[in-house]
Amino acid sequence: MGSYMNEDLERARSWLQAAGSVAVLTGAGISAESGVPTFRDADGLWRSFRFEELATPEAFERDPKLVWEWYNFRRERIAKAQPNPGHMALVELETRKSEFTLITQNVDGLHELAGSKNLLKLHGDIWLVRCTKCGAGWIDRRPSLPEIPPHCLCGALARPGVVWFGEPLPKRVIDEATRAVKSSEILLVIGTSAVVYPAAGLIPLAKAHGRTVIEINPDETPCSDMADCSLHGPAGEILPRLVGSDSHRPKESDARSGARMKTFAEISAPEIKTMAAWLRSKLQGRANPLVLSRLSDEELVRRYLRGKEEGINHGRRKEEER
Ligand code: OAD
């Protein structure tokens, strides 16, 4: 696993700030810090499962129930996940750019949940169920489908609304992704092993059009050689720094020096979402997950600010007493 230099981060940050148009390609790595397993890492899904048996049209034809069991297993896992600060930083980046396209290989829906708008899903959506005969599609967000394989109202078998190995990507989606990559000044490549085509082909395409490529990934990938800058580390840590979306976070040093923190009313709605995602990731394993899941983003941030304010006032009283 590599690391990155602060100068590289600063260089990439200045390119990103100056660019009017940005395209982003994400892979499973961006959701890793939300607890969604990747495919090819040491603990990745394709290390324990064979994609030929679970993620091809032939596998579905052979044993639709087994394939649905696999999707139920993944849906249950994903249903528990929340967007992390990496997803949230991309939401903030989108609000700052006149042209922004987020191209994802992920089917987990975490980009939408975070609030990303101009999103192209190359490999479909795990929450979409599609009829194998009449083509009808519907969203079913139950973590686990009780009756598998499910059927369409027309009576035919239904399948997960994702793209399997050996299937073409939806034409409109890959065409739009290609156009966005060609026309954007920067391509940010985040959390992908860059080995699955046609998605991985968007990276050399950007280079062929003279675009700047910035990669974020803890490991070296085939993209690293092509990238103008590779930031080797976790997306949930690097992206907020790259985008500057962590600047609203009250810093410990501010608290110590008595600098004034923003009040709840001064924080914008996207900032509240970013801050709540950051707090949730910090509190994972430390706070009761049930209580945490019941707290709205607003309430979580309010409580955090209240706690910080009390801490600062307590510190000030102690100083005055001395
Ligand atoms: P992979 O599992 O192939 O790669 C995940 C990448 O994320 C690796 O390069 C990791 O080093 C990196 N990574 C891990 N943790 C990270 C973190 N915290 N921050 C940033 N990066 C991190 O997943 P994809 O490249 O998305 O396709 O795989 C592409 C496609 O292959 C998937 O969409 C899926 C799969 O089979 C289909 O199902 C059609």
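Tutor: Helices are DSSP runs of H or I, at least four residues, and they are numbered from the N terminus. The model is predicted.

Student: Which residue follows helix 11, and what is the sign of its phi?

Tutor: Helix 11 covers residues 235-243. Gly 244 comes next. Its phi is near 85°, so the sign is positive.

Student: How many of the nine residues of helix 11 are buried?

Tutor: Buried means under 20% relative accessible area. In helix 11, Ala 235, Gly 236, Ile 238, Leu 239, Pro 240, Leu 242 and Val 243 meet that cut-off. The helix is mostly covered, and its buried count is seven.

Student: Which helices are among the elements that cover the buried residues of helix 11?

Tutor: The cover includes strand 7 (186-190), strand 8 (212-216) and strand 9 (229-231). It also includes two helices: helix 1 (6-18) and helix 6.

Student: Why do the buried residues of helix 1 line one face?

Tutor: The buried residues are Leu 9, Ala 12 and Leu 16. Look down the helix axis: they line one face because they fall within an arc of 70°.

Student: Which residues are exposed on the other side of helix 1?

Tutor: Exposed means over 50% relative accessible area. Away from the buried face of helix 1, the residues that pass this are Glu 7, Gln 17 and Ala 18.

Student: How far apart are the end C-alpha atoms of helix 1?

Tutor: Helix 1 has 13 residues. At 1.5 Å a residue, the expected span is 18 Å. The model agrees, with the ends apart by 18 Å.

Student: What span should the twelve residues of helix 6 have?

Tutor: Helix 6 runs over residues 85-96. Its end C-alpha atoms lie 17 Å apart, in agreement with the expectation. At 1.5 Å a residue, that expected span is 16 Å.

Student: Which side chain reaches the backbone nitrogen of Gly 86 at the start of helix 6?

Tutor: A side-chain oxygen comes to within 2.7 Å of that nitrogen. Gly 86 itself is buried. The oxygen belongs to Asn 84.

Student: Is Gln 105 buried or exposed?

Tutor: Gln 105 sits in the loop between strand 2 (99-104) and helix 7 (110-114). Beyond its neighbours within four places in sequence, its contacts include Leu 25, Thr 26, Leu 122, His 123 and Val 196. Its relative accessibility is 13%, so Gln 105 counts as buried.

Technical notes: Residues numbered from 1 in each chain as written. Predicted model: local features only at pLDDT ≥ 70, side-chain atom pairs only at ≥ 80, totals over all residues. Heavy atoms only, no water. Buried < 20%, exposed > 50% of the residue type's maximum accessible area, 1.4 Å probe, protein only. Contact = heavy atoms within 4.5 Å. Expected span 1.5 Å × (residues − 1). Polar contact = N/O pair within 3.5 Å; in protein donor to acceptor, adjacent residues only side chain to side chain. Arc of directions from axis to C-beta.
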